[in-house]
Amino acid sequence: MAFQIVINLIIACMWMFLSESYSVPSFIAGYILGILLLLLLRRFVPDTFYLRRVMKILRLIMLFIKELFSSNMDIVKLVYTPKPDIEPGIFELPTELKSNWEITLLANLISLTPGTLSVAVSRDNTKLFIHAMDIDDSDESIQSIKNTFEKAIMEVTR
């Protein structure tokens, strides 16, 4: 991926020098030309096309923002309920993530989402212990996290 970005930047700079226009629009035009060239020559360039991973990263960011807003609304509803019927608890999330980076990213995304907090990681890095402010069904919460954050993280890193 880094190799493709460097090639794309070189093509953009070369385009600027060849067009003798040292401006941002000229650089952007060269960068777009580089993307098109990399797309045409992708079978000669190692790895998959780098914009695919960039799109997956953007999708993960958008997923986090969506979850952030929806959990904020849930917390606001709980806080402004006259007699809230909340059931806090800690549950165990088995994870398929392998690297420390992936597990750390998942724990941070969970902790940054209001109403949940990553408490601990098991010694063998296969389980995350999560505290939730209102947990009706732990299996539903586990599946929700696995189908959103964990799945998106695996798409980005693998």
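# A walk through the predicted model

Glutamate 20 sits in the loop that joins helix 1 (2-19) to helix 2 (24-40), and this loop is a convenient place to begin reading what is a predicted model. Although glutamate 20 is not a glycine, its phi is positive, at about 55°. The residue counts as exposed, because its relative accessibility is 65% and the term applies to values over 50%.

Beyond this loop comes helix 2, where proline 25 has its place. Proline 25 is likewise exposed, with a relative accessible area of 59%. For a sense of distance across the model, the C-alpha atom of proline 25 can be set against that of asparagine 108, which is 83 residues away along the chain; the two atoms are separated by 37 Å.

The same part of the chain carries an annotation from a record: an unreviewed UniProt entry marks residues 24-45 as "transmembrane region". In the model, the chain over residues 24-45 is 77% helix and 0% strand, and the C-alpha atoms at the two ends of this stretch lie 27 Å apart.

The path now leads to helix 3, which covers residues 50-79. Lysine 56 lies in this helix and belongs, together with Arg42, Arg52 and Arg53, to a positive patch on the surface. With a relative accessible area of 31%, lysine 56 is partly exposed. Isoleucine 65 is also found in helix 3, but it contributes to a patch of another kind, a nonpolar one of about 640 Å² whose members are Met55, Ile57, Leu58, Ile61, Met62, Ile65 and Phe69. Isoleucine 65 counts as partly exposed, at 31% relative accessibility; since residues enter a patch with over 30% relative accessible area, this value is sufficient for isoleucine 65 to be included.

How many salt bridges does the structure hold? There are 5, and several of them can be followed from one part of the chain to another. One is formed by glutamate 155 and arginine 59, whose closest N and O atoms are 3.8 Å apart. This pair links distant parts of the chain, since glutamate 155 belongs to helix 5 (residues 138-157) and arginine 59 to helix 3, with their positions 96 residues apart. Both partners are partly exposed, glutamate 155 with a relative accessible area of 32% and arginine 59 with one of 49%.

A second salt bridge brings together the side chains of glutamate 96 and lysine 146, at 4.0 Å from N to O. Because glutamate 96 lies in the loop between strand 1 (89-94) and helix 4 (100-112), while lysine 146 lies in helix 5, the pair ties together parts that are 50 residues apart in sequence. Glutamate 96 is partly exposed, with a relative accessible area of 45%, whereas lysine 146 counts as buried at 17% relative accessibility, because the term buried applies under 20%. These two residues also take part in a network of salt bridges that links Glu96, Lys146 and Glu150.

Helix 4 has a salt bridge to follow as well, in which the side chains of arginine 158 and glutamate 102 meet at 3.2 Å, N to O. Arginine 158 lies in the segment after helix 5 and glutamate 102 in helix 4, so this pair ties together parts that are 56 residues apart in sequence. Is each partner buried or exposed, or in between? Arginine 158 counts as partly exposed at 48% relative accessibility, while glutamate 102 counts as buried at 4%.

Further along the chain, asparagine 125 has its place in the loop between strand 2 (116-121) and strand 3 (127-132). Its phi is near 60°, a positive value in a residue other than glycine, and asparagine 125 is partly exposed, with a relative accessible area of 26%.

The walk ends at a patch of negative charge on the surface, where Asp74, Asp85, Glu87, Asp134, Asp136, Asp137, Asp139 and Glu140 gather. Among them, aspartate 139 has its place in helix 5 and is exposed, with a relative accessible area of 52%.

Conventions:
Residues are numbered from 1 along each chain as its sequence is written. This is a predicted model: local features need pLDDT of at least 70, side-chain atom pairs count only at pLDDT 80 or more; totals for chains, interfaces and linings use all residues. Side-chain values use heavy atoms; hydrogens and water are left out. Patches are made of residues with over 30% relative accessible area and no salt bridge: like charges are joined within 9 Å, nonpolar side chains (Val, Leu, Ile, Met, Phe, Trp, Tyr) within 5 Å. Accessible areas come from the Shrake-Rupley method with a 1.4 Å probe; for residues, only the protein chains shown count as cover. Lys and Arg count as positive and Asp and Glu as negative; His and the chain ends are not counted. The place of a charge is taken as NZ of Lys, CZ of Arg, CG of Asp or CD of Glu. Helices (H or I, at least four residues) and strands (E, at least two) are DSSP runs, numbered from the N terminus. Buried means under 20% relative accessible area, exposed over 50%, partly exposed in between (1.4 Å probe, protein chains only). UniProt positions are given in the numbering used here, feature names are shortened, and annotations may be inferred rather than shown by experiment.
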